[in-house]
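Reader: Got a minute to go through this one with me? Let's put it up and start from a single residue.

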2 protein chains.
Amino acid sequence: MIRLGKMTDYGLLVMSQIARSSKAELHTARDLAIKCRVPLPTVSKLLKTLLQSGLLASHRGIRGGYSLVREPHLISVAEVVSALEGPLALTECSTNVAGLCDLEPSCPIRDNQRIINQVVRGALEKVMLSDLIRPMSLAAIRDNRGNLVQVSLAPGRMQ
Amino acid sequence: MIRLGKMTDYGLLVMSQIARSSKAELHTARDLAIKCRVPLPTVSKLLKTLLQSGLLASHRGIRGGYSLVREPHLISVAEVVSALEGPLALTECSTNVAGLCDLEPSCPIRDNQRIINQVVRGALEKVMLSDLIRPMSLAAIRDNRGNLVQVSLAPGRMQ
DNA sequence: TCTAAATAGGACTGAATTAGTACACATTCA
DNA sequence: TGAATGTGTACTAATTCAGTCCTATTTAGA
């Protein structure tokens with residue numbers, strides 16, 4: 001249905017792992033790799049990216065490690081996804097300077113993308129990291145007003 | 001931010017093109033290719049896929065062509081995207097039979113995916129094809145109750 | 001009944017992207 | 001000073017995707 005790269009999956013996994021402990025606690029790349037069962041170099045790469053995006057803080061040197069810069073309920077899935085998928089152009093045309101695209105000035109693709117992006121982004125902004133750290137029991141997310149909304153996890157076509 | 005393949009973009013474009021005329025009218029692959037400025041073989045491929053997904057009906061032979069099976073306001077973007085992106089496993093693990101994944105039984109990746117998919121799908125189900133066929137002026141989509149909701153198309157980081 | 005126009009289906013290829021690895025360097029603390 | 005840890009860059013292998021081509025089938029009309 002919607003394609004999140006493997007890296008993004010791992011990233012969410014790593015972030016939730018960090019989110020499970022107290023905010024101040026430091027986690028080394030090695031520890032996270034073991035706990036998440038993801039190869040160390042890959043975790044390391046992820047952590048660097050998340051650091052650069054300002055979602056993590058790092059301490060170097062022996063006894064170093066990574067920690068969240070905010071509480072889990074203040075970090076949205078949208079932020080993590082944005083960080084890892086990059087400021088992504090949906091297709092090359094989104095990055096065109098005006099005039100390059102021969103469908104200009106009323107490029108319908110571009111409009112479609114804008115609409116869809118807006119909708120999807122809005123949806124992901126409502127899911128917070130704290131919603132992901134209860135592995136088995138989540139059945140609701142927060143709506144715009146912070147109220148819990150039922151999420152149907154009914155069996156069925158999952159795409 | 002979210003990656004829809006080029007094919008999906010084209011697909012939405014083609015679908016909206018068909019949706020612009022009356023439901024009964026037939027459109028040949030050639031016509032659609034010209035109007036959408038997408039290569040004919042590509043359009044042809046798209047149409048076949050959309051046909052198999054039950055979103056289009058076809059008439060063979062000379063004077064043949066494709067038409068929508070439902071009114072544009074009854075076809076959601078989610079349906080078109082599902083049809084074109086395939087019954088997509090977000091990562092390989094979504095298709096595993098139980099036991100293959102060593103993170104079982106409480107695979108957090110899987111749960112994350114389920115949550116995110118649910119949220120995104122819900123969002124895309126609210127955008128109908130008819131919302132895409134007003135290229136320049138769309139500023140609102142329908143919410144769960146069918147009311148128009150403002151969509152902020154403010155300039156800014158578009159991911 | 002023949003022909004042209006159109007869909008149907010599958011095989012193939014080149015290119016782009018991504019996941020993952022490796023290595024050299026920098027920093028911190030005991 | 002040395003060990004543990006993060007930082008940054010470059011590279012490679014694998015996968016996926018977009019796009020093309022070819023051939024069969026169906027239909028309408030001359």
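Author: Sure. This is a predicted model. Start at A:Gly11, which is found in helix α1 of chain A.

Reader: Is A:Gly11 buried or exposed?

Author: Buried. The relative accessible area of A:Gly11 is 0%.

Reader: What does A:Gly11 touch, leaving out residues up to four places away in sequence?

Author: A:Leu46, A:Val80 and A:Leu84.

Reader: And how far is A:Gly11 from A:Lys45, in sequence and in space?

Author: They sit 34 residues apart in sequence. C-alpha to C-alpha, the distance is 9.8 Å.

Reader: OK, helices. At what angle do α1(A) and α3(A) pack?

Author: About 75 degrees, with the axes 10 Å apart. Angles from 65 to 115 degrees count as roughly perpendicular. α1(A) and α3(A) are therefore roughly perpendicular to each other.

Reader: Which residues make the contact?

Author: From α1(A), A:Met7, A:Tyr10, A:Gly11, A:Val14, A:Met15 and A:Ile18. From α3(A), A:Thr42, A:Lys45, A:Leu46, A:Leu47 and A:Leu50. By class, that contact has eight nonpolar, two polar and one charged residues.

Reader: Switching to the DNA. Which residues come nearest to strand C?

Author: There are 24 residues around DNA strand C. A:Lys45, A:Arg60, B:Lys48, B:Arg60 and B:Tyr66 come nearest. Of the strand's atoms within 4 Å of the protein, sugar and phosphate account for 74%.

Reader: What about the bases? How far is the A:Lys45 side chain from a base nitrogen?

Author: An N or O atom in the side chain of A:Lys45 is 2.7 Å from a base nitrogen of DNA strand C. In chain B, a polar side-chain atom of B:Lys48 lies 2.6 Å from a base nitrogen of that strand.

Reader: Which elements give two or more residues to that surface?

Author: In chain A, α1 (6–19) and α3 (40–52). In chain B, α3 (40–52), β1 (56–59) and β2 (65–68).

Reader: And what does A:Met7 do there, on the backbone side?

Author: A backbone N or O atom of A:Met7 lies 3.4 Å from a phosphate oxygen of DNA strand C. A:Met7 is also among the α1(A) residues in the contact with α3(A).

Reader: How do the residues near strand C divide by class?

Author: Nine nonpolar, 10 polar and five charged.

Reader: Last one. What is the pattern of chain A along the sequence?

Author: α-α-α-β-β-α-α-β-β. That is five helices and four strands. Of the 159 residues in chain A, 47% count as buried.

Terms used: Residues are numbered from 1 along each chain as its sequence is written. Chains are lettered from A and ligands numbered from 1 in the order in which they are written. This is a predicted model: local features need pLDDT of at least 70, side-chain atom pairs count only at pLDDT 80 or more; totals for chains, interfaces and linings use all residues. Side-chain values use heavy atoms; hydrogens and water are left out. A residue is near a molecule or strand if one of its heavy atoms lies within 4 Å of it. A polar contact is a pair of N or O atoms within 3.5 Å; within protein, one must be able to donate a hydrogen and the other to accept it, and residues adjacent in sequence count only if both atoms are side-chain atoms. Ala, Val, Leu, Ile, Met, Phe, Trp, Tyr, Cys and Pro count as nonpolar, Asp, Glu, Lys and Arg as charged, and the others, Gly among them, as polar. Axes are lines fitted to C-alpha atoms, for helices over the stretch in contact, and angles run from 0 to 180 degrees between N-to-C directions. Angles under 35 degrees count as roughly parallel, over 145 as roughly antiparallel, 65 to 115 as roughly perpendicular and the rest as oblique. Contact means heavy atoms within 4.5 Å. Buried means under 20% relative accessible area, exposed over 50%, partly exposed in between (1.4 Å probe, protein chains only).
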